[in-house]
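Student: I would like to go through a structure and ask how each label is justified.
Tutor: Put the questions in any order, and each answer will set a value against its cut-off.

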Amino acid sequence: MRCCLAPLAPGVVPKSDHLPDMLPPSITEQERGKATLTCLANKGFPSDWTLSWKVDGRSSSDGEESRSPGVLQNDGLYSWSSTLKLSTYQWMKVGSVTCEATQGSQTLVSKILSRDQCSHL
């Protein structure tokens, strides 16, 4: 649900299609006691970018993170994905979740999802 997304820091990436996109957990999933957030980043180069998560401004430690390595697309650029799995209880306590795209030690771009921006979350 894109209504929940707001750019946090556009960094040095010149086009909006380079920013990570974040998908919030579905209502159906939350009813089952789970909350999975997905972060997608496209059209990056080189391949050594990493996606990471922050919960309420701190590195994620309560959830289970998984990341994919960069995948080379037909246009010669890379795409990445990462998921953060929380329990519904943990998700309901969260104020905001941030997905950061980093290269080396430098955070280049990030997106923030504030749970209270969408009424169904």
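The exchange below takes up the fold, a disulfide, its strands, some backbone angles and a pocket.

Student: What kind of model is this, and what elements does the protein chain have?
Tutor: The model is predicted. The protein chain has two helices and 10 strands, in the order β-β-α-β-β-β-β-β-β-α-β-β from the N terminus. Of its 121 residues, 41% count as buried. Among contacts with a separation of 6 or more, 61% are between residues 24 or more positions apart.

Student: How do you know that Cys-39 and Cys-99 form a disulfide?
Tutor: The cut-off for a pair of cysteine sulfur atoms is 2.5 Å. The sulfur atoms of Cys-39 and Cys-99 are 1.9 Å apart, and the pair therefore lies within 2.5 Å and is called a disulfide. By this rule the count comes to one disulfide.

Student: What is the handedness of the link of Cys-39 and Cys-99?
Tutor: The angle about the S-S bond is -85°, and the link is left-handed.

Student: What makes the link of Cys-39 and Cys-99 a tie between parts that are apart in sequence?
Tutor: Cys-39 is in strand 3 (residues 34–44) and Cys-99 is in strand 9 (residues 96–103), so the link ties together parts 60 residues apart in sequence.

Student: Why is Cys-99 called buried?
Tutor: Buried means under 20% relative accessible area. Cys-99 has 0% relative accessibility, and therefore counts as buried. Cys-39 is buried as well.

Student: Which residues does Cys-99 touch, leaving out those up to four places away in sequence?
Tutor: Cys-99 touches Pro-20, Met-22, Cys-39, Leu-51, Ser-52, Trp-53, Val-109, Ser-110 and Lys-111. For Cys-99 and Trp-53, the C-alpha to C-alpha distance is 4.8 Å, while their separation in sequence is 46 residues.

Student: Why is strand 9 described as largely enclosed by the rest of the structure?
Tutor: Seven of the eight residues of strand 9 are buried, so the description follows from that count. Strand 4 (residues 49–55) gets the same description because five of its seven residues are buried.

Student: How do you know that strand 4 and strand 9 pair?
Tutor: Pairing needs at least two bridges. Strand 4 and strand 9 have seven bridges in the antiparallel sense, and therefore they pair. Leu-51 has Ala-101 in strand 9 as its bridge partner, and Lys-54 stands opposite Thr-98 in strand 9.

Student: What joins strand 9 to strand 10?
Tutor: Strand 9 and strand 10 (residues 106–114) run antiparallel and are joined by eight bridges. Val-97 has Leu-113 in strand 10 as its bridge partner. The hairpin of these two strands has two residues between them, and Gly-104 there takes a positive phi near 65°.

Student: How many bridges are there between strand 4 and strand 5?
Tutor: There are two, in the antiparallel sense. The pairing cut-off is at least two bridges, so this pair meets it. Val-55 stands opposite Arg-58 in strand 5.

Student: What makes the phi of Asp-56 worth a remark?
Tutor: Most residues other than glycine have a negative phi. Asp-56 is not a glycine, yet its phi is positive at about 50°. Asp-56 is in the turn of the hairpin of strand 4 and strand 5, which has two residues between the strands. Lys-43, in strand 3, also has a positive phi, near 60°.

Student: Why are Asp-56 and Lys-43 called partly exposed?
Tutor: The class runs between the 20% limit for buried and the 50% limit for exposed. Asp-56 has a relative accessible area of 31%, so it is partly exposed. Lys-43 has 33% relative accessibility, so it too is partly exposed.

Student: Which residues line the largest pocket, and what is its volume?
Tutor: The volume is about 200 Å³. The lining consists of Val-55, Asp-56, Arg-58, Ser-59, Ser-60, Ser-61, Asp-62, Gly-63, Leu-86, Gln-90, Lys-93 and Val-94. The elements that give two or more residues to this lining are strand 5 (58–59) and helix 2 (88–93).

Student: How does the lining of the largest pocket divide by class?
Tutor: The lining has three nonpolar, five polar and four charged residues. Glycine counts as polar in this scheme, so Gly-63 of the lining belongs to the polar class.

Notes: Residues are numbered from 1 along each chain as its sequence is written. This is a predicted model: local features need pLDDT of at least 70, side-chain atom pairs count only at pLDDT 80 or more; totals for chains, interfaces and linings use all residues. Side-chain values use heavy atoms; hydrogens and water are left out. On a 1 Å grid over the protein atoms alone, a cavity is a set of points where a 1.4 Å probe fits but cannot get out, and a pocket is an open set with protein on both sides within 12 Å along at least five of seven lines; lining residues have an atom within 4 Å of a point. Grid points are joined across faces, edges and corners, and a volume is the space filled by probe spheres set on the points. Helices (H or I, at least four residues) and strands (E, at least two) are DSSP runs, numbered from the N terminus. Buried means under 20% relative accessible area, exposed over 50%, partly exposed in between (1.4 Å probe, protein chains only). Contact means heavy atoms within 4.5 Å.
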